[in-house]
Amino acid sequence: MAETLDSLLAESRDRLKAAGIEAAALDARHLVSGLLGLSLAALMTRGGDPVSEADAKRIRAAVERRAAREPVYRILGEREFFGLSLKLSRGTLEPRPDTEALVDAVMPHARRIVARKGSCRIIDLGTGTGAICLALLASVLDARGIGTDISRDALATAAENARRNGLAGRFETLQSKWFEAVDGRFDIIVSNPPYIRSSVIHELEPEVKDHDPAAALDGGDDGLDAYRAIALHADRHLETDGVIGLEIGFDQKQAVTALFEAQGFRLLSAIKDFGGNDRVLVFEQDVERSNDR
Ligand SMILES: C[S@@+](CC[C@H](N)C(=O)[O-])C[C@H]1O[C@@H](n2cnc3c(N)ncnc32)[C@H](O)[C@@H]1O
């Protein structure tokens with residue numbers, strides 16, 4: 001008898017449950033819908049549809065990868081971020097929903113700058129898939145952006161994601177260690193840098209530590225290496241009324257604020273993520289301090 005969507009979904013869910021995957025039913029639905037190109041709604045209404053042998057084989061292979069703790073969107077090879085479909089590769093972090101809070105936080109500044117100057121230059125340090133910069137460019141049509149990374153693989157993926165989403169004309173990539181190879185000033189500097197302390201990386205879930213690249217996670221001994229490097233040179237690259245938007249770890253608000261205050265910046269806003277943790281900081285130049293110098 002031919003397999004149906006319903007029978008394959010149930011089999012996949014049971015296999016993932018047996019492997020100890022917490023969101024087994026949800027992951028099974030996402031895998032099947034992603035692999036067959038069906039919406040989640042279609043899965044519910046077309047449960048009696050037959051599934052070909054070839055598709056059933058692909059689904060079973062994907063379910064085995066998930067059972068071995070590979071994340072759903074790594075298996076599918078892409079994920080959605082801020083309404084954009086982004087390809088993932090070995091050198092890219094899988095963009096997280098919490099990072100959308102950074103996009104939300106700097107968007108009004110990009111719009112304000114475009115309203116005043118007619119354009120806005122954005123630099124995204126450690127761009128990975130290009131997620132943050134591309135989300136801003138998709139919403140602010142007069143903005144242009146550069147995504148930097150140390151990973152060539154990430155830069156190639158970010159460039160491809162720009163093409164996929166019709167943004168290649170306004171997006172460039174640059175291989176650079178933070179600001180090292182960067183020239184000029186920007187209206188918006190954004191970054192979601194690696195911020196996990198080296199000593200706790202081994203405690204992370206296998207989905208993260210075995211599948212996100214180490215360079216995207218490891219923030220050094222105290223987790224703050226990248227913020228230190230960025231804070232040190234940000235003044236040379238920020239336009240006078242520009243802003244710096246940063247994603248941070250849940251316990252890093254004070255330390256990161258102190259690093260940027262020491263370089264002449266002022267905390268403009270701090271935003272929490274969906275879980276109620278400090279997640280995003282926005283800085284501007286501290287004009288009073290600059291005048292005092
Ligand atoms: C946490 S991931 C963020 C990726 C993407 N911006 C996002 O939010 O999904 C950090 C990124 O910083 C890059 N990176 C690590 N060290 C770097 C360095 N020294 N200079 C530039 N980029 C670096 C990593 O390759 C990775 O793509």
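## Close-up views of a predicted model

**View 1. Strand β8 and its two parallel neighbours.** Strand β5 (residues 120-125) pairs with β8 in the parallel sense, over four bridges. The structure shown is a predicted model. Within the β5 pairing, Ile-123 has Ile-189 of β8 as its bridge partner. Strand β8 also runs parallel to strand β9 (residues 238-247), and five bridges join the two. Here Phe-186 is matched with Leu-238 of β9 as bridge partner. Strand β8 itself spans residues 186-191 and is mostly covered, with six of its six residues buried. In a regular strand the side chains alternate between the two faces of the sheet.

**View 2. The crossing of helices α2 and α4.** Helix α2 covers residues 24-36 and helix α4 residues 53-67; their axes come within 10 Å. The crossing angle is roughly 140°, and the two helices are therefore oblique to each other. The value does not exceed the 145 degrees above which a pair counts as roughly antiparallel. The crossing of α2 over α4 is right-handed.

**View 3. Aromatic rings.** A pair of aromatic rings is described by the distance of the centres and the angle of the planes. The model contains three aromatic pairs. The ring centres of Phe-81 and Phe-82 are 6.4 Å apart and the planes lie at 40°, so this pair is tilted. Pairing requires centres within 6.5 Å, and the tilted class takes the angles that are neither under 30 nor over 60 degrees. Phe-81 counts as buried because its relative accessibility is 1%, whereas Phe-82, at 25%, is partly exposed. One aromatic cluster is formed by Phe-260, Phe-265 and Phe-283.

**View 4. Arg-79 over the ring of Tyr-73.** The charged end of Arg-79 sits over the Tyr-73 ring. Its distance from the ring centre is 4.4 Å.

**View 5. Arg-69, a loop residue with positive phi.** Arg-69 is found in the loop between α4 and α5 (72-76). Its phi is near 80°, a positive value in a residue other than glycine. Arg-69 counts as partly exposed because its relative accessibility is 26%.

**View 6. Trp-178, in the loop before β8.** Trp-178 lies between β7 (171-175) and β8, in the loop that links them. Although Trp-178 is not a glycine, its phi is positive, at about 40°. With a relative accessibility of 22%, Trp-178 counts as partly exposed, since the buried class ends at 20%.

How values were computed
Residues are numbered from 1 along each chain as its sequence is written. This is a predicted model: local features need pLDDT of at least 70, side-chain atom pairs count only at pLDDT 80 or more; totals for chains, interfaces and linings use all residues. Side-chain values use heavy atoms; hydrogens and water are left out. Rings of Phe, Tyr and Trp (its six-membered ring) pair if their centres lie within 6.5 Å; planes under 30 degrees apart count as stacked, over 60 as edge-to-face and the rest as tilted. Buried means under 20% relative accessible area, exposed over 50%, partly exposed in between (1.4 Å probe, protein chains only). A charge sits over a ring if NZ of Lys or CZ of Arg is within 6 Å of the ring centre and within 35 degrees of the ring normal. Two strands pair if DSSP finds at least two bridges between them. Axes are lines fitted to C-alpha atoms, for helices over the stretch in contact, and angles run from 0 to 180 degrees between N-to-C directions. Angles under 35 degrees count as roughly parallel, over 145 as roughly antiparallel, 65 to 115 as roughly perpendicular and the rest as oblique. A crossing is left-handed if the near helix is turned anticlockwise from the far one by less than a right angle, and right-handed if clockwise.
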